[in-house]
Amino acid sequence: MLKKRLITLLAAWCCSSVFAADTGVVLKPDQLRADAFNDAKVVGNVSKNDAVDILSKKGAWLQIKSAGKSGWVRLLTVKRNTASGNNVAGVVGVATGRSGTGKVVSTTGIRGLSAEDLKTAQFNEAETKKLESYTVSADEAKQFASGGGLSSRQYPYFQGGNPQ
């Protein structure tokens, strides 16, 4: 029993230390929050292309540290650097039943998928890399839109409907 607990503690420590070593880049400006929810106190800001250290993950939030500031941002604000070169997380993930960094299949409000589809979903690294290969810069996107006759329009921020 003691041996099993020791192995579990060691695995948890490895997971947390490997995960804590993750780094990333901020994809869009965002606010750092004191806790992992939308109405938490704002404790700072991050700018696009800021390098960050990923400290932990809670649901759809990442706790990050950048330029001496730390706080929580939405998961989609940060693109993780994938060149960690450390396979320990994958081995520990399999051993503990936890998925390694970037190999979590999660959904939020996806239509057309049943609960059974979601339960049997599997991470596909090749398809994820293929999807990431379609990334374009803002200038490339503007050029593409312009070539298609599209133009930019600014709309005021939606303040909410009329409650009745």
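## A walk through the fold

Read along the sequence, this predicted model runs α-β-β-β-β-β-β-β-α-α-α-α. Colour the chain by secondary structure, and you should be able to pick out five helices and seven strands.

Stay with the whole protein for a moment and switch on a surface. The protein exposes about 12,900 Å², with 56% of that area supplied by carbon and sulfur atoms. Of the 164 residues, 18% are buried. If you like contact maps, look at pairs of residues at least 6 apart in sequence: 49% of those contacts join residues at least 24 apart.

Now zoom in on T77. Select β6 (69-74) and β7 (78-80), then the loop between them, where T77 is found. Is T77 buried or exposed? T77 counts as buried because its relative accessibility is 0%, and the cut-off for buried is under 20%.

Next, show the side chains of T77 and D30. A polar contact of 2.8 Å joins the two, so a distance label fits nicely here. Then add V25, V26, L27 and K28 to the view: T77 touches these four residues as well as D30, leaving aside residues up to four places away in sequence.

For the last stop, move to helix α5 and select residues 138-147. How many of its ten residues are buried? The number is zero, so α5 lies largely in the open. Finish on G149, just after α5, and check its backbone: G149 takes a positive phi of about 80 degrees.

Definitions and conventions:
Residues numbered from 1 in each chain as written. Predicted model: local features only at pLDDT ≥ 70, side-chain atom pairs only at ≥ 80, totals over all residues. Heavy atoms only, no water. Helix = DSSP H or I, 4+ residues; strand = E, 2+ residues; numbered from the N terminus. Buried < 20%, exposed > 50% of the residue type's maximum accessible area, 1.4 Å probe, protein only. Polar contact = N/O pair within 3.5 Å; in protein donor to acceptor, adjacent residues only side chain to side chain. Contact = heavy atoms within 4.5 Å. Areas by Shrake-Rupley, 256 points an atom, 1.4 Å probe, with all protein chains shown as cover.
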